[in-house]
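Me: I want to learn how the labels on a protein model are earned. Please take my questions one at a time.

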Amino acid sequence: YRDRLGQAPKHILDVGGGRGDLATALACAFPTTHLTVIDLNPPSLQAGKDYAKARGCGDRIDFVLADMVDFVKAEGDLAVKMPIDLVVALHACGDLSDLALSYAAQIEAAFVICPCCYGKRHIAQFTPDWEGLCSDSARKSLRRMSELHELPEVSRLSMQLINSMRFQRIQKSQYCVSLEQYDITKSIRNHVFVGMR
């Protein structure tokens with residue numbers, strides 16, 4: 001990722017970043033970038049701190065024990081100290097992908113979001129934008145069908161429908177956005193939203 005001027009991001013927010021694998025890789029790739037990892041799992045965050053320190057980039061990564069809902073409600077106190085250029089979320093479960101997309105739009109940051117677990121992690125205090133494009137029963141059915149591992153084609157089609165609705169809503173936020181796919185042999189949850197203003 002580079003911005004329109006070809007600059008590396010100054011501050012990346014990794015939503016649900018757990019052990020910091022992605023954050024550490026990004027810190028190694030962008031030696032002048034600061035990163036913030038938000039996750040709810042203390043052992044994962046500690047493992048991430050240890051891994052980043054061992055890789056020599058621990059001084060540029062903050063591992064924050066927080067719920068993304070609380071972070072957004074606080075309007076990202078960390079973002080006030082250092083504006084966020086890029087929001088990333090690799091396999092952010094359920095509504096967490098939508099919350100990451102919504103937060104990126106709120107702060108006008110670029111994003112790279114890879115959704116996963118479409119039928120899990122419902123955030124009670126948050127309604128994803130795409131849900132307004134279909135009925136409650138259709139939304140519930142799509143979420144259930146996206147998790148039908150015994151019927152992979154049905155699962156893939158359901159994920160595509162959900163992501164198509166996400167794509168439509170993101171475009172209304174004045175983003176230049178693409179919905180990309182990587183090799184399905186790596187993961188069946190292979191859709192990635194990439195957006196810039």
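Me: What makes the approach between aspartate 39 and the backbone nitrogen of glycine 18 a polar contact?

Reply: This is a predicted model. In it, a polar atom of the aspartate 39 side chain lies 2.9 Å from the backbone nitrogen of glycine 18. The cut-off is 3.5 Å between N or O atoms, so the pair counts.

Me: Why is aspartate 39 called buried?

Reply: Its relative accessibility is 14%. Buried means under 20%, so the label fits. Aspartate 39 sits in strand 2, residues 34-39. Beyond its sequence neighbours, its contacts include Gly16, Gly17, Leu45 and Val64.

Me: And how is glycine 195 classed, buried or exposed?

Reply: Glycine 195 is buried, because its relative accessible area is 1% and the limit is under 20%. Glycine 195 lies in strand 7. Among its contacts are Ala110, Phe111 and Tyr175.

Me: What makes strand 3 and strand 6 edge strands?

Reply: The open sheet has 7 strands, in the order 3-2-1-4-5-7-6. Strand 3 (61-65) and strand 6 (176-181) each pair on one side only. That earns them the name.

Me: How do you know that strand 1 and strand 4 pair?

Reply: Pairing needs at least two bridges, and 3 bridges join these strands, so they pair. The two run parallel. In one bridge, leucine 13 has valine 87 of strand 4 as its partner.

Me: Why do arginine 143 and aspartate 95 count as a salt bridge?

Reply: Their side chains meet at 2.7 Å, N to O. The cut-off is 4 Å, so the pair qualifies. Arginine 143 is in helix 6 and aspartate 95 in helix 5, 48 residues apart. Both are buried.

Me: Which parts does the pair of glutamate 131 and arginine 143 tie together?

Reply: Glutamate 131 lies in the loop between strand 5 and helix 6, and arginine 143 lies in helix 6, so the pair ties together parts 12 residues apart in sequence. The closest N and O atoms are 2.8 Å apart.

Me: What separates aspartate 136 and arginine 139 along helix 6?

Reply: About one helical turn, because they are 3 residues apart in that helix. They form a salt bridge, with the closest N and O atoms 2.0 Å apart. Aspartate 136 has a relative accessible area of 40%, so it is partly exposed. Arginine 139 is at 14% and counts as buried.

Me: Which residues make up the network of salt bridges?

Reply: Asp95, Glu131, Asp136, Arg139, Lys140 and Arg143 are linked in it.

Notes
Residues are numbered from 1 along each chain as its sequence is written. This is a predicted model: local features need pLDDT of at least 70, side-chain atom pairs count only at pLDDT 80 or more; totals for chains, interfaces and linings use all residues. Side-chain values use heavy atoms; hydrogens and water are left out. Helices (H or I, at least four residues) and strands (E, at least two) are DSSP runs, numbered from the N terminus. Buried means under 20% relative accessible area, exposed over 50%, partly exposed in between (1.4 Å probe, protein chains only). A polar contact is a pair of N or O atoms within 3.5 Å; within protein, one must be able to donate a hydrogen and the other to accept it, and residues adjacent in sequence count only if both atoms are side-chain atoms. Contact means heavy atoms within 4.5 Å. Lists of a residue's contacts leave out its neighbours within four places in sequence.
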